[in-house]
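Good morning, everyone, and thank you for letting me take a few minutes of the meeting. Please have the sequence and the structure open in front of you, and turn the view along with me as we go from one place to the next.

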Amino acid sequence: MSEQHPLAAAGDHEVADERTSAPVRPREDPFHDGPADLASLAPGAVIRTRRVSLGLVGLVPQPGLQAWQVAYRSTDLDGRPEVAVTTVVRPADRPADRPADRPGDGSRVRGLIGYQCAIDAVSDRCFPSYAMRAGVRAWGALPQLELILVGHLVRMGFAVSIADHEGRGGAFAAPREPGHRVLDGLRASLAAPAIGLDPDLSVGLFGYSGGGMATSWAAEMAPDYAPELPIVGAVLGSPVGDPGEAFLKLNAGRYAGLPALVVAGLQHVYPGLARVVREHANLEGRRRLQALEEMTTVAAIWRYRNDDFDDYLDAPLADVLATPEVLDVFTDLRMGKHAPACPLLVVQSRHDQVIDARDVDSQVERYVDAGADVLYLRDRLSEHTSLMVLGFPAMLHWLVDRFETHGPATTGTRDHVSLALSPRAWPEFVRMAASLARTLVGRAA
């Protein structure tokens with residue numbers, strides 16, 4: 001790059017190398033701290049950069065994935081400046097004996113994908129910047145498994161930006177600010193000189209479940225917050241639709257730990273909700289919320305399966321949910337109030353046991369009514385977890401097509417017996433299996 005990107009920090013060429021350092025949890029890591037002049041920086045401005053090593057579940061090194069972390073200026077729910085962090089992964093440098101034009105080499109980057117993990121927790125052990133690094137112990141953190149899909153995207157030749165979209169405080173399900181962090185992370189990824197990406201790269205967005213929710217916010221916020229980013233399309237896999245409705249439907253069921261995690265996180269960003277918790281949660285309920293702040297997603301789901309919030313309140317749950325403070329939060333969480341400017345692919349299982357398909361139907365309707373271009377694929381033979389794998393080829397092919405064509409996108413709603421039955425998906429499953437094998441054994445190529 002002949003000229004420094006306007007968002008690149010003046011000292012960014014001095015990149016710390018922490019590939020052999022023991023990872024530190026984000027709440028204790030000074031890399032996440034803000035400078036004194038944070039408010040004077042533009043959103044997306046690079047603050048500092050470091051090299052890191054990635055590892056599958058912390059144990060299997062990934063030498064084929066070059067990784068950096070970038071701390072940058074972003075904006076929280078209340079419009080205040082904050083520091084956010086993204087992990088940027090790109091193909092490793094091309095070996096001397098390999099053809100320069102082979103797809104997937106570091107010699108050619110096809111585009112930049114903002115990949116939003118299903119963090120779905122309050123604990124910083126579940127943040128991608130920690131959970132994806134080699135040497136960590138974060139059993140039950142979902143981003144550790146999503147590294148498999150990130151590796152596949154990188155081997156296809158894409159650079160991938162994986163923001164800690166919940167922020168340093170772990171505000172699971174908070175609205176709007178995940179979009180700010182994702183978009184500013186993309187700005188910083190393109191600006192950091194050490195990473196060496198072409199600042200004119202096209203950008204795509206991808207996320208599933210909690211990551212699909214964050215991707216929804218990024219797509220919604222982009223037209224006003226980051227209109228200069230050349231976003232070609234966004235994939236919203238099972239994107240929740242209405243977190244308030246999800247709370248009501250999941251409470252007292254197998255996945256009751258998820259709405260409990262939402263309350264544990266949101267009480268720190270909504271003062272009214274925090275006041276309701278103080279006034280109505282009994283001692284055991286307050287202890288439960290405090291314990292959830294240290295749990296990984298899988299641990300919380302297992303520990304609090306079939307739990308009912310009614311058992312932790314001094315008033316009926318229906319009465320607490322009807323308070324103005326809680327109703328205001330539920331309204332604020334609902335996606336679909338802003339029309340994304342980029343084409344959208346929404347994928348949803350009709351028999352999803354975690355996300356009610358009717359809530360996603362409504363989210364899609366709100367986008368269409370607002371003028372967005374949406375292709376909505378509904379799958380009948382999958383459920384929540386299996387669709388992420390079985391529908392990945394369809395989601396990936398759509399996004400790759402957006403990078404390659406940039407033309408008008410197909411719209412409408414289509415019902416499928418199974419997205420995995422498409423002949424176009426079969427070769428991709430073979431490539432995914434090969435990529436998985438390389439990830440499991442830590443092969444560079």
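Let me start with a single contact, between the side chains of R155 and S435, which are joined by a polar contact of 2.9 Å. Before we go further, please keep in mind that this is a predicted model, and that what I describe is computed from it. If you look for R155 along the chain, you will find it in helix α2, which covers residues 143-155. Is R155 buried or exposed? Its relative accessibility is 16%, and because buried means under 20% relative accessible area, R155 counts as buried.

Helix α2 brings us to the largest pocket, since α2 is the element that gives the most to its lining, with 5 residues. The space in this largest pocket comes to about 900 Å³. Its lining is made up of 38 residues, and those that lie nearest the centre are A118, L142, H384, T385 and M388. Several elements give two or more residues to this lining, among them α4, α5, α6 and α9, together with α13 (384-390) and α15 (425-441).

One of those elements, α6, deserves a closer look. How many of the residues of helix α6 (residues 257-266) are buried? The count is 10 of the 10, so this helix is largely enclosed by the rest of the structure. The buried residues include G257 and L258 at the beginning of the numbering, and G265 and L266 at the end of it. What do these buried residues pack against? They pack against α5 (243-250), α7 (271-280), α8 (283-292), α9 (297-303) and α11 (324-333), and you may like to show those helices together with α6 on your screen.

From helices, let us turn to a strand. Strand β7, residues 112-116, is mostly covered, for 5 of its 5 residues are buried. In a regular strand the side chains alternate between the two faces of the sheet. With that in mind, you can sort the residues of β7 by side, with L112, G114 and Q116 on one side and I113 and Y115 on the other, and on both faces they are all buried. The strand also has partners: β7 runs parallel to strand β8 (residues 159-163), to which 3 bridges join it, and it runs parallel to strand β9 (residues 203-208) as well, where the bridges number 5. G114 is a helpful residue to centre on here, as it stands opposite S161 in β8 and also opposite L205 in β9.

Next, the charged side chains. A search of the whole structure finds 28 salt bridges, and I will pick out a few of them. In one of these, R50 and E18 come together, with their closest N and O atoms 3.1 Å apart. This pair links distant parts of the chain, for R50 sits in strand β2 (residues 46-52) and E18 in the loop between β1 (16-17) and β2, 32 residues apart. R50 counts as buried, at 1% relative accessibility, whereas E18, with a relative accessible area of 21%, is partly exposed.

In another, the side chains of R187 and E228 meet at 2.7 Å, N to O. Here too the pair links distant parts of the chain, with R187 in helix α3 (residues 177-191) and E228 in the loop between α4 (210-225) and β10 (231-237), 41 residues apart. R187 is buried, with a relative accessible area of 9%, while E228 is partly exposed, with 49%. Elsewhere, salt bridges that share partners join R25, R27, E28, D124 and E294 into one network.

I will finish with two residues whose backbone angles you might want to check yourselves. S238 is not a glycine, and yet it has a positive phi of about 40 degrees. You will find S238 in the loop between β10 and α5, where it is buried, with a relative accessible area of 0%. N306, which is not a glycine either, has a positive phi of about 65 degrees, and its place is in the loop between α9 and α10 (317-321). Thank you for listening.

Conventions
Residues are numbered from 1 along each chain as its sequence is written. This is a predicted model: local features need pLDDT of at least 70, side-chain atom pairs count only at pLDDT 80 or more; totals for chains, interfaces and linings use all residues. Side-chain values use heavy atoms; hydrogens and water are left out. Buried means under 20% relative accessible area, exposed over 50%, partly exposed in between (1.4 Å probe, protein chains only). Helices (H or I, at least four residues) and strands (E, at least two) are DSSP runs, numbered from the N terminus. Contact means heavy atoms within 4.5 Å. A polar contact is a pair of N or O atoms within 3.5 Å; within protein, one must be able to donate a hydrogen and the other to accept it, and residues adjacent in sequence count only if both atoms are side-chain atoms. A salt bridge is a side-chain nitrogen of Lys or Arg within 4 Å of a carboxyl oxygen of Asp or Glu. Two strands pair if DSSP finds at least two bridges between them. On a 1 Å grid over the protein atoms alone, a cavity is a set of points where a 1.4 Å probe fits but cannot get out, and a pocket is an open set with protein on both sides within 12 Å along at least five of seven lines; lining residues have an atom within 4 Å of a point. Grid points are joined across faces, edges and corners, and a volume is the space filled by probe spheres set on the points.
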